[in-house]
Amino acid sequence: PMAISMLQENIQMHEDRLKYMQSVNDYYTKNGTTVGHPEVDNETAKVTKSLEAIDEVAAASVLRFRKRFPDAEVKVSVPDNLIMVMMDAMLIEQVLMNLLENAVFHAKGMKNLWLRVEQQDGKAIFYVEDDGCGISKERMSKLFSGLQERENFVETGRSNMGIGLSVCRTIVNAHGGDIRIETRPGGGARFSFQLEMEDNTDVEQ
């Protein structure tokens, strides 16, 4: 009973954080900035951070993804050395889950799906890539604005893309990072975002 209670509390806390991020994102979409949002200071949403191993966060995201899409294969690559980053693990897992899910729903003709993490210049860089149909430059320009999600609903009847790419942006920005989309060399799409590593948290195994 105690374990179930703790699980329910964690689920509720996660849902509350996602609702908060949605409210921040809605404010951003309406005003073009989070300045003036009653709970946001210096254009940064509040997240509950702790020191997390990126390989564990990546593994948790892929596990959730495989449970939902058992027929979809994800090729995972993470550094051999232990990399720790201050983050809200549940929210970053949700971002990765959403990007992987987005590829399944929208990367027509996709045969391969990758989740990679690299270390560069004191940052952990997460990549979600596919070799599907790609995304036009026109769509790329508004992909994180929420406009594309509304167009997808009109075109396909699908009401969401996980928590939404615009909310992914809000979550990553709240961690002091940025998220981007580009054409993958060889075809397809490449989403990436980066998070600052803490000093002295890159520990060789």
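**Exercise 1. Contacts and overall make-up**

Task: Determine what share of the contacts in the protein with a separation of 6 or more comes from residues 24 or more positions apart, and describe the protein as a whole.

Solution. In this predicted model, residues 24 or more positions apart account for 70% of the contacts with a separation of 6 or more. The next step is to list the elements: the protein has six helices and eight strands. Along the sequence they follow the pattern α-β-α-β-β-α-β-β-α-α-α-β-β-β. Finally, consider the surface. Of the 205 residues, 44% count as buried. The accessible surface comes to about 11,200 Å², and carbon and sulfur atoms hold 49% of that area.

**Exercise 2. The five-stranded sheet**

Task: Establish the order of the five strands in the open sheet and identify its edge strands.

Solution. The order is S2-S4-S5-S7-S6, and the pairing is mixed. The edge strands are S2 (75–77) and S6, each of which pairs on one side only. On average, neighbouring strands of this sheet are turned by 15° against each other, direction ignored. One pair may then be examined in detail: S2 and S4 run parallel and are joined by three bridges. Within S4, Arg116 is the residue that stands opposite Ser77.

**Exercise 3. The helices that lie across the strands**

Task: State which strands H3 and H6 lie across, and check the span of H3.

Solution. Begin with H3, which lies across S4, S5, S6 and S7 and runs at about 175° to S7. Helix H6 lies across S6 and S7, and its angle to S6 is about 130°. For the check of span, H3 comprises 18 residues (89–106); at 1.5 Å a residue it should span 26 Å, and its end C-alpha atoms are 26 Å apart, so the two values agree. As to burial, 14 of the 18 residues of H3 are buried, so that the helix is mostly covered.

**Exercise 4. The largest nonpolar core**

Task: Name the residues with the most contacts inside the largest nonpolar core, and find which elements supply it.

Solution. This core has 43 residues, and those with the most contacts inside it are Phe126 and Phe193. Elements that each supply at least two of its residues include the helices H2 (54–68), H3 and H6 (165–174). The strands S3 (82–87), S4 (113–120), S5 (123–130), S6 (178–183) and S7 (189–196) likewise each supply at least two. The most is given by H3, with nine residues. To see the surroundings of Phe126, leave aside residues up to four places away in sequence: Phe126 then touches Ile54, Met87, Leu96, Arg116, Val117, Phe191, Ser192, Phe193 and Leu195.

**Exercise 5. Two residues compared**

Task: Decide for Ile171 and for Asp121 whether each is buried or exposed, and locate each residue.

Solution. Ile171 lies in helix H6. The relative accessible area of Ile171 is 0%, and this residue is therefore buried, the limit for that class being under 20%. Along the sequence Ile171 and Leu91 are 80 residues apart, yet in space they are 7.0 Å apart, C-alpha to C-alpha. Asp121, by contrast, is placed in the loop between S4 and S5. Because its relative accessible area is 72%, Asp121 is exposed, a class that begins over 50%. As a last step, consider the backbone: Asp121 has a positive phi of about 50°, although it is not a glycine.

Terms used
Residues numbered from 1 in each chain as written. Predicted model: local features only at pLDDT ≥ 70, side-chain atom pairs only at ≥ 80, totals over all residues. Heavy atoms only, no water. Helix = DSSP H or I, 4+ residues; strand = E, 2+ residues; numbered from the N terminus. Expected span 1.5 Å × (residues − 1). Buried < 20%, exposed > 50% of the residue type's maximum accessible area, 1.4 Å probe, protein only. Core = buried A, V, L, I, M, F, W, Y, C linked by side-chain atoms within 4.5 Å. Contact = heavy atoms within 4.5 Å. Areas by Shrake-Rupley, 256 points an atom, 1.4 Å probe, with all protein chains shown as cover. Pairing = 2+ DSSP bridges. Axes fitted to C-alpha atoms, helices over the stretch in contact; angles between N-to-C directions.
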